[in-house]
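User: Hey, could you walk me through this protein model? I'm new to reading structures, so please keep it friendly.

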Amino acid sequence: IKHIHPIIDPILEYRELSKLLSTYLKPLPQMVGGDGRLHTTYGQETSTGRLTSASPNLQNIPVKGGLGIEIRKAFVASKGRSLIAADYSQIELRIVACLAQDRAMLEAFEQDRDVHAATAAEIFGVGIDQVTKDQRRFAKTINFGVLYGMSPYGLSQALGINRQEASRFIKRYFEVHAGIRHYCNQIIDHARRQGYVETLFGFRRVMEDINSSNHSLAEAQERMAVNAPVQGSAAEILKLAMIQLDKAFTKFPVLHKPQMILTVHDELVVEVDEKDAEAASGVMKSIMESVADLCVPLKVEIGIGANWAETK
């Protein structure tokens with residue numbers, strides 16, 4: 001109902017401001033430790049193996065929007081130090097391209113093309129240089145939505161289109177990416193027969209309800225069966241990189257050793273002396289891009305700044 005009545009936009013704005021105030025601006029300053037720094041507690045998400053953050057959760061700090069960026073500016077490095085943010089670029093799509101051996105997606109990554117623009121070009125039947133921002137946005141939504149079992153209704157809500165149009169987009173997507181359609185069917189069939197799915201590195205996610213007579217429960221497990229090997233493999237690659245980086249950082253002077261301070265899904269944040277920032281970022285990029293041997297190149301984007309916002 002967003003565009004039906006003029007009161008909706010102010011309500012949404014109030015909701016956003018209220019959330020920023022109650023989730024970040026009020027509680028975070030109260031959680032600063034005696035050393036003047038904010039500390040989080042890490043755990044492990046049992047279903048995918050991802051590391052989680054709690055008390056406070058520093059993995060949901062806003063990354064978009066003017067006010068969200070202002071909050072991110074509050075996360076600063078110590079005096080004389082810099083923050084490095086190293087982010088795996090589209091790692092989940094790279095993993096699914098390898099798992100599915102999808103020709104169109106593999107070619108896009110091998111040729112270092114914009115995978116969302118490439119998908120849009122295929123779906124809309126235009127040249128990649130003719131893809132509009134809206135077409136790319138549509139393709140990006142579908143690319144990631146497929147990994148989470150997005151339905152035509154879900155896609156219609158995300159894109160603001162009717163359900164019939166959304167169904168046509170999904171149908172066309174699977175015509176272009178036949179390998180991904182085959183992967184989805186194959187992994188669901190495997191989960192039904194074996195009762196589990198596996199990541200690239202052998203981590204198993206049990207699917208005990210995938211054959212349930214409860215349709216909603218079985219459908220949810222099917223979505224997990226498609227997504228778990230992808231998210232789980234991404235989590236494992238990040239952990240392997242963290243282990244290798246920890247070893248590499250020991251080669252820096254003890255008092256000036258780079259410190260891994262935060263992991264946010266596919267991103268690692270490191271604090272380092274300003275003078276060592278370029279050297280440390282080079283080490284991070286080299287290790288993170290070579291830590292796993294996928295069928296397409298891993299790509300890491302690096303940002304350096306005095307605060308977290310500046311690294312993006």
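User: Let's begin with a glycine. What sign does the phi of glycine 125 have, just after α6, and about how many degrees is it?

Analyst: Quick heads-up: this is a predicted model. Glycine 125 comes just after α6, and its phi is positive, at about 70 degrees.

User: And at the other end of α6, which residue caps the N-terminal end?

Analyst: Look for a side-chain oxygen that lies 3.0 Å from the backbone nitrogen of histidine 116. The residue that owns this oxygen, and so caps the N-terminal end of α6, is aspartate 114.

User: How many of the 10 residues of α6 are buried?

Analyst: Buried here means under 20% relative accessible area. In α6, the buried residues are Val115, His116, Ala117, Ala118, Thr119, Ala120, Ala121 and Ile123. That is why α6 is largely enclosed by the rest of the structure: the buried count is 8 of the 10.

User: What covers those buried residues of α6?

Analyst: Other helices do part of the job. The cover includes α4 (91-100), α5 (103-110), α7 and α9 (163-176).

User: Now the aromatic rings. Is the pair of phenylalanine 124 and phenylalanine 138 stacked, tilted or edge-to-face?

Analyst: There are 6 aromatic pairs in the structure. In this one the ring centres are 6.5 Å apart and the planes are at 55 degrees. Stacked needs under 30 degrees and edge-to-face needs over 60, so phenylalanine 124 and phenylalanine 138 make a pair that is tilted.

User: Which helices does that pair link, and how many residues apart are the two partners?

Analyst: The pair links distant parts of the chain. Phenylalanine 124 belongs to α6 (residues 115-124) and phenylalanine 138 to α7 (residues 133-147), so you're looking at α6 and α7, with partners 14 residues apart.

User: Which of the two counts as buried, and which is partly exposed?

Analyst: Use the cut-offs: under 20% is buried, over 50% is exposed, and in between is partly exposed. Phenylalanine 124 has 29%, so it is partly exposed. With 13%, the one that counts as buried is phenylalanine 138.

User: Which residues form one aromatic cluster with Phe124?

Analyst: Phe124 has two partners in its cluster. They are Phe138 and Phe169.

User: How are the rings of phenylalanine 249 and phenylalanine 252 arranged?

Analyst: Both of these residues, phenylalanine 249 and phenylalanine 252, are buried. Their ring centres are 6.1 Å apart and their planes are at 80 degrees, so the pair is edge-to-face.

User: Which residues is aspartate 276 in contact with, leaving aside neighbours within four places in sequence?

Analyst: First, find aspartate 276 in the loop between β7 (267-273) and α12 (277-290). Its relative accessible area is 13%, so it is buried. Leaving those neighbours aside, its contacts are Phe252 and His256.

User: Which arginine lies over the face of tryptophan 308?

Analyst: You can spot a similar setup at tyrosine 196, where the charged end of arginine 204 sits over the ring, 3.9 Å from its centre. Over tryptophan 308, at 3.9 Å from the ring centre, you'll find arginine 72.

User: Last topic, the sheet. Which strands are the edge strands?

Analyst: The open sheet has 4 strands with antiparallel pairing, in the order β6-β7-β3-β8. An edge strand pairs on one side only. Those are β6 (259-264) and β8 (300-305).

User: And how many bridges join β3 to β8?

Analyst: Strand β3 (residues 81-88) and β8 run antiparallel. Tyrosine 88, for instance, stands opposite valine 300 in β8. The number of bridges joining β3 to β8 is 6.

Definitions and conventions:
Residues numbered from 1 in each chain as written. Heavy atoms only, no water. Helix = DSSP H or I, 4+ residues; strand = E, 2+ residues; numbered from the N terminus. Buried < 20%, exposed > 50% of the residue type's maximum accessible area, 1.4 Å probe, protein only. Lys NZ or Arg CZ within 6 Å of the ring centre and 35° of its normal. Contact = heavy atoms within 4.5 Å. Polar contact = N/O pair within 3.5 Å; in protein donor to acceptor, adjacent residues only side chain to side chain. Pairing = 2+ DSSP bridges.
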